[in-house]
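Hi,

Here is the structure I promised to pass along. Have a look at it first, and my notes on what turned up follow underneath.

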Amino acid sequence: MIEAIMKKESALNKMNEKTYLIERSKSLYQDAFERLLKDKAAVAAAVVVFFYSVIAILSSMGIIAADWNTEVGPSYSPPSASFWLGTDIFGRDVFTKIIHGTQVAMSVGLFTSLIAIPVGVILGAISGYYGGLVDELIVWFYTTISSIPSIMLIISISLIMGKGLVAVYVALGTTSWVSLCRLIRGEVMKHKNRDYVQAAQALGGSKLRQLFKHILPNVTHIVIINASLQFQIAIKSEVILSFLGIGVQSQPSWGTMIDDAKLELVGRGVWWQLVGATIAMFIIVLAFNILGDALRDALDPKLKGKN
Amino acid sequence: MSLLLDVKNLNIEFHTQENIVKAVNNVSFSIKEGQTIGLVGESGSGKSVTSLACMRLIPTPPGKITSGEILFQGEDLLKKSQEEMRKIRGNDISMIFQEPMTSLNPVFKVGEQISEALMLHKAMTKKQAWARTIELLDQVGIPNPSQKAHAYPHEMSGGQKQRVMIAMAISCEPKLLIADEPTTALDVTIQKQVLELMFKLQEEYKMGMLFITHDLGVIADIADEVVVMYRSEIMERNLTQEIFKKPTHPYTKGLLACRPSLDKNPKRLLTVSDFMTEQGAEKEINKELLHPYEKSFSFDEEKNPVLLEVKDLKTYFPIKGGLFGQTIADVKAVDGVSFQLRKGKTLGLVGESGCGKTTLGRSILRLVEPTQGSVIYDGIDITSLDAPAMREMRSRMQIIFQDPYSSLNPRMTIAETLLEPMDIHGIGENKKQKLDKAKWLMNKVGLNANQLNRYPHEFSGGQRQRISIARALTLNPEFIICDESVSALDVSVQAQVLNLLLDLQEEFGLTYIFISHDLSVVNFISDEVGVMNAGKIVEMNNADEVYHRPQQEYTRSLLEAIPKGIPNEILF
């Protein structure tokens with residue numbers, strides 16, 4: 001009936017396309033982005049993250065800091081004009097090593113997020129949406145994982161896979177999805193009962209459509225916020241693992257540098273490796289924290305309009 | 001009687017990132033001791049902001065009181081320090097909010113929350129405060145008060161929580177009570193009890209009262225004077241009797257006329273725009289619009305065949321319990337409902353919250369799987385359809401929800417929202433055809449088609465509800481369930497949406513089930529009315545019979561609870 005009336009009316013009254021210039025409108029993400037730009041601390045943090053990323057990419061391509069392993073001066077020479085952060089025991093430039101360490105740190109952040117986020121989101125969404133036995137199984141699985149001390153899990157993974165960067169990615173990736181999974185599960189459960197999802201069902205939308213087209217876009221902001229915080233946790237974890245000697249092998253990372261400093265500080269008074277690596281780590285971790293908080297403020301619809 | 005509260009030339013602005021919004025513009029009114037003033041207006045008219053200003057509770061920034069005076073017993077509240085205000089709040093002036101669910105703290109017992117205020121303001125000992133609390137709970141009509149004082153808010157019903165809020169508000173014997181839509185969230189029968197209670201307490205304590213509402217009908221019995229606000233300004237103020245008898249401002253006339261009555265209504269409800277132009281000038285009202293419309297309850301077997309037949313429908317929700325989570329009992333949300341609905345007709349379902357009317361609606365559409373019984377739609381029992389067949393069927397039956405804020409996906413533009421169902425069911429040959437249909441529908445529901453790329457948050461509640469209606473129409477359905485579809489809207493917007501639903505029904509021959517707790521709305525829109533209680537339909541007949549000759553005690557009690565507010569003879 002509606003169709004018939006529409007056909008009749010349209011025939012009578014050919015729509016003049018020009019009168020329907022559809023207005024463009026800002027999406028919620030555009031809106032959030034604009035709010036983010038107004039936050040000066042967030043912009044500074046984003047610039048820092050961008051800068052570290054560029055350094056990491058250039059370093060991994062071998063354009064900068066490729067010569068970290070060459071002897072450039074005497075052993076343990078203090079910071080000077082030619083060696084900004086001094087040299088280490090083998091006479092290698094500490095500043096170059098820190099740059100190479102940036103590459104290690106950023107790659108750990110990136111690859112653990114690439115493992116943890118898909119696993120966390122998919123399991124969380126399935127568990128929250130389908131409920132019942134599936135939910136119970138997934139919840140059982142992640143509570144089991146989270147009840148094993150993660151350091152044990154990481155040690156066993158690196159024992160199986162052999163020490164090195166890949167083991168660190170896998171170890172951190174497979175242990176850090178649990179918190180995200182929990183968050184997503186809760187959010188999906190909340191959205192599942194909203195009217196707009198029911199409306200999608202009433203319109204004949206399949207379960208997959210309800211989940212992926214309607215619910216997931218409404219929880220993406222949580223994933224973004226979580227990713228920025230996950231990133232810096234991974235960086236810190238890598239430092240700790242390398243410090244404990246189960247992390248990165250045969251290449252410099254901030255963790256191994258801090259580990260080296262254990263022996264250098266006492267007696268010899270060599271402080272530059274420790275200070276350099278710590279400051280490099282401190283800045284990026286702080287930047288990610290500020291960015292994560294700013295993202296939460298900008299993306300959380302509940303806070304919208306309050307500032 | 002001396003003046004209790006005197007608001008003089010109050011101006012309040014809100015500073016947003018883009019611009020400055022004037023929320024209250026040159027508002028003046030006064031309340032004498034023991035007097036009740038009703039402050040009426042739609043959402044966004046500035047009535048709540050005015051009341052919050054009297055408590056000095058405007059969030060600053062973004063809000064700012066730019067000029068004016070609020071004299072309370074002769075002293076200007078705007079000149080007081082926050083410390084002095086804290087002593088006044090709760091003690092001399094107290095407030096009751098709309099949502100009893102969120103205004104009580106869920107982690108404390110209700111008795112503790114009341115006695116806390118007493119110990120703070122009246123310097124009582126814990127024991128004295130507790131004794132007084134029980135006295136207060138008794139006074140507001142909580143049964144078994146000494147026991148109920150130990151209950152947590154979630155253990156009480158909505159009406160009881162609102163009573164607790166009232167007990168808390170009067171605990172320090174305030175001179176002024178501000179009630180911000182205290183009964184809007186409650187069922188009619190509970191609303192009546194709460195209104196009577198407030199009136200009684202006001203007499204007893206000789207309080208002044210500022211009663212804020214969007215519904216003129218609610219305050220007719222209780223207010224001495226009425227102040228009507230619209231777009232941040234006072235439109236009219238007068239004695240209650242006078243306002244109802246001789247409204248002078250066109251906006252007030254519109255407000256009085258747009259509320260459907262329990263008696264005969266015009267064919268379409270009048271709206272504020274029938275009385276007033278966009279600029280606020282008075283319009284000559286077309287007398288024909290006022291003419292009461294005689295509904296025809298007859299039907300034509302040819303034109304109105306039986307479209308939907310529900311037979312002994314039952315929907316139970318299991319209560320899990322015990323050691324192994326086995327089902328120990330059932331909540332019988334829908335307990336054996338049967339009825340027939342003819343094509344092109346409207347069945348109204350009324351009942352109080354929790355009576356099962358929403359579950360019934362959703363069971364018919366199989367959004368909730370019914371436990372037993374059958375739903376026969378156009379000759380097909382849809383309870384036995386498999387998933388693909390059911391999906392096919394869904395294009396013929398649709399639903400419009402209550403809350404216009406949660407029924408649209410906030411991350412999708414209106415175009416995406418309207419095109420999605422057409423994509424699912426393969427309606428329209430190409431994108432352009434689908435878009436044309438979306439534009440056509442936008443015009444049909446009275447919206448501007450060039451707003452298709454906007455997001456839901458850019459629309460008002462009434463506009464969102466129109467979008468929901470457009471979405472329901474995308475699949476060319478014959479049958480729509482309206483689940484409290486106008487309950488969240490202001491009365492003036494409600495009238496527009498009801499008119500739209502009737503226009504669409506007339507044009508497209510739609511069949512409706514209209515679910516509502518508001519009996520007058522159901523009376524206006526329905527041909528047949530079913531009264532629900534505890535999962536069963538207790539009475540069902542054509543609208544005139546149910547409203548004028550109710551057979552059941554329950555129906556009668558529902559009808560009596562409606563505020564008699566606006567007598568029809570005054571209106572027409």
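Let's begin in chain B, where strand β14 (residues 372-377) pairs with β15(B) in the antiparallel sense, over 2 bridges. Zooming in on β15(B), you'll find I380(B) there as the bridge partner of Y377(B). Before going further, please keep in mind that this is a predicted model.

That pair belongs to a bigger arrangement: 4 strands of chain B make an open sheet, in the order β12-β11-β14-β15, with antiparallel pairing. At its edges sit β12 (326-342) and β15 (380-381) of chain B, each pairing on one side only. As general background, the strands of a sheet pair through backbone hydrogen bonds, either parallel or antiparallel.

Two residues elsewhere in chain B are worth a click. Take Q465(B), which lies in helix α17 (residues 461-473) of chain B. Is Q465(B) buried or exposed? Its relative accessible area is 1%, so Q465(B) counts as buried. Leaving out residues up to four places away in sequence, Q465(B) touches I400(B), F401(B), Q402(B), P404(B), S485(B) and L489(B).

The other one is S30(B), part of strand β2 (residues 20-32) of chain B. With a relative accessible area of 19%, S30(B) is also buried, because the cut-off for that label is under 20%. Again not counting residues up to four places away in sequence, the residues S30(B) touches are L3(B), L5(B), D6(B), Q35(B), I37(B) and R237(B). You can also check S30(B) against L210(B): they are 180 residues apart along the chain, and their C-alpha atoms are separated by 9.8 Å.

Now for chain A. What does chain A have in the way of helices and strands? There are 13 helices and 0 strands, so the pattern read along the sequence is simply one α after another. The radius of gyration of chain A is 26 Å, well over the 19 Å that the globule rule gives for 307 residues, so chain A is more spread out than a compact globule. Along its principal axes, the C-alpha trace spans about 90 × 50 × 35 Å.

A few more numbers for chain A:

- Of its 307 residues, 49% count as buried.
- Chain A exposes about 15,500 Å², with carbon and sulfur atoms supplying 69% of it.
- Among contacts between residues at least 6 apart in sequence, 70% join residues at least 24 apart.
- Chain A carries 27 positive and 22 negative charges, and their mean positions are 8 Å apart.

Cheers

Definitions and conventions:
Residues numbered from 1 in each chain as written. Chains lettered and ligands numbered in written order. Predicted model: local features only at pLDDT ≥ 70, side-chain atom pairs only at ≥ 80, totals over all residues. Heavy atoms only, no water. Rg over C-alpha atoms; globule rule 2.2 N^0.38 Å. Buried < 20%, exposed > 50% of the residue type's maximum accessible area, 1.4 Å probe, protein only. Contact = heavy atoms within 4.5 Å. Areas by Shrake-Rupley, 256 points an atom, 1.4 Å probe, with all protein chains shown as cover. Lys, Arg positive; Asp, Glu negative; His and termini not counted. Charge placed at Lys NZ, Arg CZ, Asp CG, Glu CD. Pairing = 2+ DSSP bridges.
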